[in-house]
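Student: I have a structure to study for class. Could we go through it by question and answer?

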Amino acid sequence: MLNAEIAERRIGAISQGVGMMTQIYADHAKNAELWDVEGNRYIDFAAGIAVVNTGHCHPKVMQAVTEQLSRFTHTCHQVVPYENYIRLAERLNEKVPGDFAKKTVFVTTGAEAVENAIKVARIHTGRSAVIAFGGSFHGRTFMTMSLTGKVAPYKKGFGAMMPDVYHVPFPIDLHGISTEQSMDALTKLFKADLDPDRVAAIIIEPVQGEGGFYPAPAELMRGIRQLCDDHGIVMIADEVQTGFARTGTLFAMDGYDVAADITTMAKGLAGGLPLAALTGRAEMMDAAHPGGLGGTYAGNPLGIAASNAVLDVIEEEDLCNRATELGSRLKQRLEQIRSNTPEMVDVRGPGFMIAAEFNTPDGSAPNPDMTNRIRMEALKRGLILLTCGVYGNVIRFLAPITIEDAVFAEAMEILEASIAAARTA
């Protein structure tokens, strides 16, 4: 079976609306390595977009899923509940940042988690307006698409967005937007267009994911927290991509001196199985009436079992410190490359959530063409990379945090060769 043959079948079977970053078709994977149907080996610096933080097929996660599979695969927790669902909720209530009583709701996808966080904020406050940030990504459902601060490809052609959603600029020094300007934009929004007493929530990614891996400044987080406290607004941290040791702490918000009221999570939560959650202040999470939250597959037993194992692996293998160590090594190598690569204008990110941004050689404009060439050159050499950013000029590095040192070192050699080749193409 050849990749090209399957790709041809895909054209006739799958909607073109489902984007494809590669045309290699997976056969099997282990930790940070993946083999396609033709037997070609790749080093995976995508991790399913920050999903398999604990690596492909981690033995402890696989064992937990296998054991659960032998018991039952589905009952719907709202019909016949199960204990490990409660245990995972208790663990998240303890671990999610915030020194207050918390409760948790399980759903299936990150978009669902965000949708339900907005529902909770609205029913708790009795308000409807929501504020998000330019460049953000929160999902592809209509509410989360409306919250997302990027038109193409997420909003383009899909008609009117959900009402009562507002955007303000996200501070990015490289692009000339300061924290002060972002906070001023919120003030102007409240003065000109939106009564703060109508705002149910402000939602923010501690590190913008799809938007370009821009970390939120501490001053911005403090400012939002104060604004929310002053006006009775719910602060939501979207940790779908930043969660579960990726940033060097279990949650990115652990790195700030303020806490959100509600935290959304998915991706790395269950090591590759579809599971998402929102955890927040108990009184907010209890505002909805019974039946107002949940879903048929919400908190599927296999995902719950996997997630409990993922939390064990993060603790036992000290993956938060491992993420910090790997990220430091990656940044050092990128800075070495940057010293003779004028197109690389920034290297950033906490823990092992690192990005490099590329502009034209004179630094005057984003350079998505070179960025994509780097991705393609790396793929030819056996390294899977992802791009991101509003302009498509950012490479994000999301290898499993469990990657072996030898495989990581091999990836660094491929990366340097790929950047050099892309510059001369």
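Student: Which element supplies the largest share of the lining of the second largest pocket?
Tutor: Keep in mind that this model is predicted. Two elements, α4 (83-95) and β4 (102-107), each supply at least two lining residues. The largest share is 5 residues, and the element it comes from is α4.

Student: How much space lies in the second largest pocket, and which residues are closest to its centre?
Tutor: The space is about 480 Å³. The lining of this pocket has 20 residues. The closest to the centre are Y85, T104, V105, M285 and L293.

Student: How many residues of each class are in the lining of the second largest pocket?
Tutor: Sort the lining by nonpolar, polar and charged. The charged residues number 3 and the polar ones 8. The nonpolar count is 9.

Student: Where is D261 found, and is D261 buried or exposed?
Tutor: D261 is found in the loop between β8 (234-238) and β9 (262-265). Its relative accessible area is 3%. The cut-off for buried is under 20%. Therefore D261 counts as buried.

Student: Which side chains make polar contacts with the side chain of D261?
Tutor: There is a polar contact of 3.1 Å between D261 and the side chain of R225. Another, at 2.6 Å, joins D261 to the side chain of R281. The partners are R225 and R281.

Student: Which residues are linked with D261 in a network of salt bridges?
Tutor: Side chains of opposite charge can pair when their charged atoms come close. D261 is part of such a network of salt bridges. The others linked in it are R225, D229 and R281.

Student: What else is D261 in contact with, beyond four places in sequence?
Tutor: R225 and R281 are among its contacts. So are F100, I233, V234 and M235. The list also has T279, G280 and M284.

Student: How many salt bridges does the structure hold, and how far apart in sequence are E410 and R41?
Tutor: The structure holds 26 salt bridges. In one of them, E410 meets R41 at 2.9 Å, N to O. E410 lies in helix α13 (residues 405-424) and R41 in strand β3 (residues 41-44), so the pair ties together parts whose separation in sequence is 369 residues.

Student: Are E410 and R41 buried, partly exposed or exposed?
Tutor: E410 has a relative accessible area of 32%. For R41 the value is 30%. Buried needs under 20%, and exposed needs over 50%. So E410 is partly exposed, and R41 is also partly exposed.

Student: Where do E210 and K150 lie, and are they buried or exposed?
Tutor: E210 and K150 form a salt bridge, with the closest N and O atoms 2.9 Å apart. E210 is in the loop between β7 (199-204) and α8 (218-231), and K150 is in the loop between α6 (142-147) and β6 (165-168). These distant parts of the chain are 60 residues apart. Both E210 and K150 are buried.

Student: In the salt bridge of E377 and R381, which residue is buried?
Tutor: Their side chains meet at 2.5 Å, N to O. R381 has 36% relative accessibility, so R381 is partly exposed. The other value is 13%, under the 20% cut-off. The buried residue is E377.

Student: Which residues does a cis peptide bond join?
Tutor: Most peptide bonds are trans. Here omega is about 0° in a bond that involves P153. P153 is found in the loop between α6 and β6. The cis bond joins A152 and P153.

Student: C57 and C76 have a positive phi. Which of them is buried?
Tutor: C57 has a phi of about 60°, and C76 has one of about 65°. C57 is in the loop between α2 (47-50) and α3 (59-69), while C76 is in the loop between α3 and α4. At 43% relative accessible area, C57 is partly exposed. At 11% relative accessibility, the buried one is C76.

Student: Where is I236, and what is its relative accessible area?
Tutor: I236 has its place in strand β8. Residues it touches include A117, I118, A201 and I262. I236 is buried, and its relative accessible area is 0%.

Terms used. Residues numbered from 1 in each chain as written. Predicted model: local features only at pLDDT ≥ 70, side-chain atom pairs only at ≥ 80, totals over all residues. Heavy atoms only, no water. Helix = DSSP H or I, 4+ residues; strand = E, 2+ residues; numbered from the N terminus. Buried < 20%, exposed > 50% of the residue type's maximum accessible area, 1.4 Å probe, protein only. Polar contact = N/O pair within 3.5 Å; in protein donor to acceptor, adjacent residues only side chain to side chain. Contact = heavy atoms within 4.5 Å. 1 Å grid on protein atoms, 1.4 Å probe; cavity = no way out; pocket = protein on both sides within 12 Å on 5 of 7 lines; lining within 4 Å. Points joined across faces, edges and corners; volume = space filled by probe spheres on them. Nonpolar A, V, L, I, M, F, W, Y, C, P; charged D, E, K, R; others polar. Salt bridge = Lys/Arg side-chain N within 4 Å of Asp/Glu carboxyl O.
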